[in-house]
Each structure stands twice: as structure tokens, then as C-alpha cells.
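Please open the structure in your viewer and keep the selection tool at hand. The tour below proceeds one selection at a time.

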Amino acid sequence: MTISADHTAPGQTAQGRQSQDHIEDSRSGGPVAEAVRKFGITAEDYMLPARHQIQMVDQDGHLKPHSEQGAEPGHEYPLPGDAELLAAYEQLVVGRRVNDQNSALVRQGRMAVYPSSHGQEACQVAAALCLSEGDWMFPTYRDSVAVMTRGVDPVQTMTLFRGDWHSGYDPAKHKVGIQCTPLTTQLLHAVGVAHAAKLRGEETVVLAMCGDGATSEGDFHEALNFAAVFHLPVVFFVQNNQYAISVPLAHQSVAPSLAHKAVGYGMAGERVDGNDVVALLAVLDRAVKLAREGSGPLMVEAHTYRMQAHTNADDATRYRQDSEVAQWVARDPLTRMRTYLTDEGLLDDDGESRIAEKAEAVATQLRNGLSEDVPVDPQDLFKYVFSTPTPQLKEQSALLADELARDASAGASTNPESAK
Amino acid sequence: MSTATSAVNGNVSSATARAAATAAATAEATGPQPVTMAKALNTAMADAMHADKSVLVFGEDVGMLGGVFRITDGLTKMFGEQRCFDTPLAESGIVGMAVGMAMNSMRPVIEMQFDAFAYPAFEQIVSHVAKMHNRTKGALKLPMVIRVPYAGGIGGVEHHCDSSESYYAHTAGLKVFAPATVADAYRMLREAIDSDDPVMFMEPKKLYWSKDMVDLEALRDQHASNTAAGTSTEGRAAVARPGTDATLIAYGPSVPTALAAAAAAAEEGRSLEVIDVRSIVPFDDETICASVRKTGRAVVIAEAHGFASVSSEIVARVQERCFHHLAAPIRRVTGFDVPYPAPKLEHYYLPGVDRILDAVDDLQWED
């Protein structure tokens, strides 16, 4: 069986539709047909993930022989350069330290909640490092490390999780969406940002992130379909960490893999070891490159594991065995990368110490920043609902101001200190 | 006050925009002409698209077909498939993609095909469209318009008629506009597209083919001079018919019904003032309360269910502000609290002239 690559996108079938850029690919059969020509494989082989997940460094930190990495014709992944791998390792160490620091801050009551990506740091780091400066990222609530790796200030990144009322950072300035809690709604925003950029002829690629449970949501389907139909440069990056709070993947999907879902939208999917930052960078770098070159959207599923509970409010012992967690300890993304880089002669004790110092500095920054009391202005309730407050909001704002003024004057008259 | 600026594309100079818009106006005669609301809405979109390249129109069947109500007729032909295009059949996708486009310097004007088909997009509207400006502390504006053909009176079958304005009005962060006249359809859609905040634009389906004598050229010029002067009619109610004895407060599809009731009452010697609310959010307390203080009596008319609705909000607001001016309790004439009825029962459900006049009769005239 082969899958036809002759599918046409909107505007190609009806006569008289002559718009150019929207549809340039499809006259010759669309991005899939283009890939078929480029890689000399069938459309089916291009869209379906390779038979095995891509893994380049095994869990013991050894580079696998090329023939065992999972690569196939049209699914070839060169080893990323040394500098990129060292930078990734540094961010892995920082990310792990951030995850564990934040969990401690939650226990101390200095953060309201923190969905930790402990164990998923390789995905976090690769998601940020595969993008260029003009690209956008749309993260979920568990992707704080990716947001920071993208260059957003650590304390600003944690603003929502300390219980503050706003996003902390300017999404447009950093080209990073707000960490999104309603599942997969942000994937459509990613599609829109990519669509706007494409209409203006910009070379922006957008990385849209979600988890395994989120693939059950309707917006997941709508986002992938819109991206494919409009041939948009979006890379959908699914971190399959095996659980949606307590519900295992088997209750979300019985597809052969999540990456297999891509073919239903006419896009290419790939599976990668989500604890192997080398393979992740190789696969995501290529996906971003293909998207930028006009291959339309792609989907990457990373196979990883949420080592800790969903959040501090969750108890993972109610739904999974310690023995299962233990298996994943052996696959830790940091230790395998440390072994690999050390064996390759790229990392020594001095390098380790320097990276550890940097991680500690970020942790200190978080401890200090999140220990500060941020004054709240009650009037902020009203200021940003609209660009210009409505008369109704002005009235309510005045009512609150009056209440506060009366409280203050009552406090002043009963407080002997203020009478001095 | 908002202006039609775009961070990326900037604004075409108003002279150029006017020239382009004039060219696009297909052989419009000068002076007032019979114009449908559909034509006014269509012209408003075309003019906005001429004035600002970041204005895009998309939705289901809005391209070659011109929309199931033909409101986007000709826009694809005029501006190309990149500016006015069909999407896959997915309302959440349409709204969610528009959010991303608005985040990235576009001004999407999107169509929900029917009021009751907009509900798949509810999460995007409530959780993102309405909140983005607030949760980013003003860093991200979402200048987008969600056009909703709404309300009844067209004999639509199940799920094709709903008065959904209260859901949106209840959601902080959304402006909600409901034009009732042909001229307002043009004016208010231009202002909605100019708005830096998201607007739910509620288009009364049954008025799409109603005609008024309107000079579109004059409206276009008025919009241009308002923009230049930084003024607008946004958020202002209008006195649709002056009167002295009681005030009928209506919006959207109920305004012509209220005007018909006022005309009938006049024959019986009762002078009713009709207020066209125009903008549900923001709400013009000033104009509405000035009328009720003058007349001392009021009836609020809306097609939507009365329970927990825009009409109940209006009664509460007027009562809080005008209590000592009221000669009688404020009455409401609304749809019954039942699922929107099928065509065979719709007539019993919709506020009509007789029901309005009955309510007016109940305003304790003998006390």
C-alpha cells in the first residue's frame, strides 16, 4: 500500500483560484510530494515515523553504532556538533537544579505550585536550543526549563507559579507564549503565529509543545490539521512522559505511537528517545530545518518519563509502582550525557565545576527572587482587562479605591504609631 | 480610543486608504441609497482591508462562496486568498488561530457561521481571547473581531438560532457590539476592527436583508475623519426614537420591534422613547439612564432568555441609578426560559409588538 502524495491543499482544486503563496507547494503535489522527491522515498515512508525511535546515545552513555540509531532512508540524523552538545549539557544541569530548587521552594511555601520536569530536562533543553532567534515557542505549564533555556529570566518565568496574577514575561519580546494550562489551546496560537509570519514572508518556525494526555484534546486535532492544510512551519513536539496526572498512556490512545498520528494529517512524524539529548537535538534540529525550508509542519514524539508527581498536590504512589520509576532512573538524561561527554574528552572536572557553579547561581537567583515579597497593587485588577477601561470598570475601580482609603484612614485613627 | 494601527504593517495613509476604498466601492451612487445590512457589513470589511494590510478575514465558507449569508461576498476576489480564505470546519481552530495571528501583528476578522455553532470555540474565547491582555499585563493586545450571526426570526432549524450575547457579555475582557441599523452595521464593524481589544460582533440574522437609506460614502468619510480626530461612537447608545411617556430599551434584532411598538403606541396617544443600546460592553449607562429619568418608566426588550441575561443586567443597572425617578417597576419582554424554539414555535417565543404594548400598559399609569 502506498499513500498518495497528490493530495491538494485549499485553492488548488477549484478552477479560478489563483492566489500564489498560499498554495505554491500544492500545484506540484504539496510538501509531502516535495519531500518524496528530496529523499527518494515513498510518501508513506516520509510521513510514518521510522520503525524504531531515534536513539544515538544509549542509557549507559555510549554512542550507538549508526546502524542501530534507528535511522532509515529519509530519516537520517547526523550527530550534532560538540559545542551544541556541551551547551546542551550545561542547560541540562541548570534545568535539573532549577527543578529541584523549585520543588524545595514549594515545600517552603515560597511558590504556590510547581509542575516539575525532573527527568524530562533533555526535552526541555532541546526544545529551546533547536530554535533560532526569530522563532517562537509555545510551552505548557511543565515547560519552565525550556522557557528559561530560551533566555527568559528565571524569576520572571516562575511568576505564575508563585501565585502572581500575570505571565511575568512579555511573550512578544521573548517570542515565547505564556505557559499554558488549558491543554493544547496554545497549539492553535502557535499555528496562528506561524500563519501570520508565513503571510508576511518571514522565515519564522514555531515550536508547539504538549504532552501525551493532551493529544486526546480536540484542539490538538484542530491545530495539527490547520497547520497541515495551510502548510505552516510548525513543529509539534509531544513529550510523552507516560502519564496525564494519574492516567497512563494506554487510556489515552491505542495508536501504534503518538507520532503515527501525524500521517493522518498529511505530515511527517518521528519518535525519539526523550532522555537522549543528542538524539533530541538531531531530530528537532532537522524538523526545524525542514519546516523552515517549506516542508510544512512536522510532529516529534519524545519518549520520556515524569520522575516526580504531577505537582506537589499529587501523590504518584497511588497510581504507579516504585519499580517502574526505578527503571527510568537508569535512563536519566543527565548521567548518560555526562558519561558520554567525559568519555569523548569534551568534559573534565573543571568543566563540571564551572557548570555546577552556574547552576547554583541560577538556584540562588530563584531563592532570592522568590523570597522577595512583591507588592501588589489592587488597582491592577482593573488596569489591563481592556486597553482602555470601560466606564463600568472605572466605577468599580473607584469603589475599591474608596474602600481602601477608608480602611487606611480607619487604620490611621486606631493605630497609635501613626498618631505620632 | 483605538486606532487602526499595526505594529508591522503600519497604516496606509488615510488619503490612500480613502482613494483605494473609493475605487473598491463598486459604482456606488452618491447620496443616500437603499442599502442592506449585509452590504454595509461587507463594505465595512472591504474598507478596513483596504486601509490596513494586517486585516484578514477567514472562517467557514467565507471565501469563494462569500459566507452562507454572503456577508464576505467578493472579498476573496478583491483581496486574494491570503486576505480572505476558507478554513477547515473547526470553530475552536478558527478562533485559536486568530489569537495567534493577533499576537503576531495581524487583525483577524473571523466568522462563526451560526451563533449555536460557535460553542466549540468557547474555551478559546473565554480562556484566551478575553484574558490575554490582562494576563500579560497589557503586553499582548488581541485586536480581533469575532462575527457572530445571531438571534432568531429567520425560521432556522435546530441549532441555527440562538441569542448567545449574554455568555459573552458575562465574560470580562470581551467587548460585545450589537448593531441594529444599516448605518451602525458599517460604523460599528469599522470601530470593532479598529479596536485594540477583542470584539464579539453580534449580527442580527433577521436584519441582514433589511434596507435603510444610507450614504456609504458619507459613512466612510465620517469614519476617516473620526479616526483622524481620535473620536468614535464606540460604547454609546442612541436614541432611536424620541418620546416622553416611557422608555423602550432594546438592542440588535429587538430594536425594529421596539420601534414598531412605539409607532403603534403613538396611535393610541402614548409617546414612547426607544433607546438602541448598540454596545452591550462597554455599556452606556449615561444615555439610557438620562432617558429613564426623563420618562420615569421603562421596558427592556431582548430576544434572549430573560433569566440571568443582558436584559436582567440592564434592569438592575437602571433601577440602581434611577430608582427615585421611576413611577413603576421596570418591565422586561424577553424570550422565555426554554431552549431556542423551532420555526413552528418561534413566533410564540419572540418578543412582539403586542407583548411589548402589554408590558407598557402594565407600567402603573393610574397610580
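Begin with chain B of this predicted model, where five strands form an open sheet in the order 9-11-10-13-14, with mixed pairing. Select the edges of the sheet next: strand 9 (238-241) and strand 14 (331-335) of chain B each pair on one side only. From one strand to the next, the twist averages 25 degrees. In general, the strands of a sheet pair through backbone hydrogen bonds, either parallel or antiparallel.

Now add strand 11 (residues 272-276) of chain B to the selection of strand 9 of chain B. These two strands run antiparallel and are joined by three bridges. Which residue of strand 11 of chain B stands opposite B:Val239? Display the side chains, and the partner is found to be B:Ile275.

Select helix 12 (residues 310-322) of chain B next. Helix 12 of chain B lies across strand 10 (246-250), strand 13 (298-305) and strand 14 of chain B. Relative to strand 13 of chain B, helix 12 of chain B runs at about 160 degrees.

Before leaving chain B, colour the chain by pLDDT. The mean for chain B is 93, and 92% of its residues reach 70 or more. Residues 1-24 of chain B, however, stay under 50. Where pLDDT is low, the predicted coordinates should not be read in detail.

Then show both chains together. The predictor gives the complex an ipTM of 0.91 and a pTM of 0.92. The contact between the chains takes 41 residues from chain A and 44 residues from chain B. On the side of chain A that touches chain B, the elements giving two or more residues are helix 7 (171-174), helix 8 (185-199), helix 9 (218-229) and helix 15 (391-414) of chain A. Helix 8 of chain A provides the largest share, eleven residues. By class, this side of chain A has 20 nonpolar, 15 polar and six charged residues.

Finally, isolate helix 8 and helix 9 of chain A. Their axes are 8 Å apart, and the two helices pack at an angle of about 15 degrees. Helix 8 and helix 9 of chain A are therefore roughly parallel to each other, and helix 8 of chain A passes helix 9 of chain A in a left-handed crossing. From helix 8 of chain A, display A:Thr185, A:Leu187, A:Leu188 and A:Val191; these meet residues of helix 9 of chain A, including A:Phe220, A:Ala223 and A:Phe226. The contact of these two helices has seven nonpolar, one polar and two charged residues.

Technical notes:
Residues are numbered from 1 along each chain as its sequence is written. Chains are lettered from A and ligands numbered from 1 in the order in which they are written. This is a predicted model: local features need pLDDT of at least 70, side-chain atom pairs count only at pLDDT 80 or more; totals for chains, interfaces and linings use all residues. Two residues are in contact if their C-beta atoms, placed from the backbone, lie within 7 Å. Helices (H or I, at least four residues) and strands (E, at least two) are DSSP runs, numbered from the N terminus. Ala, Val, Leu, Ile, Met, Phe, Trp, Tyr, Cys and Pro count as nonpolar, Asp, Glu, Lys and Arg as charged, and the others, Gly among them, as polar. Two strands pair if DSSP finds at least two bridges between them. Axes are lines fitted to C-alpha atoms, for helices over the stretch in contact, and angles run from 0 to 180 degrees between N-to-C directions. Angles under 35 degrees count as roughly parallel, over 145 as roughly antiparallel, 65 to 115 as roughly perpendicular and the rest as oblique. A crossing is left-handed if the near helix is turned anticlockwise from the far one by less than a right angle, and right-handed if clockwise. pLDDT is the predictor's confidence in each residue, from 0 to 100.
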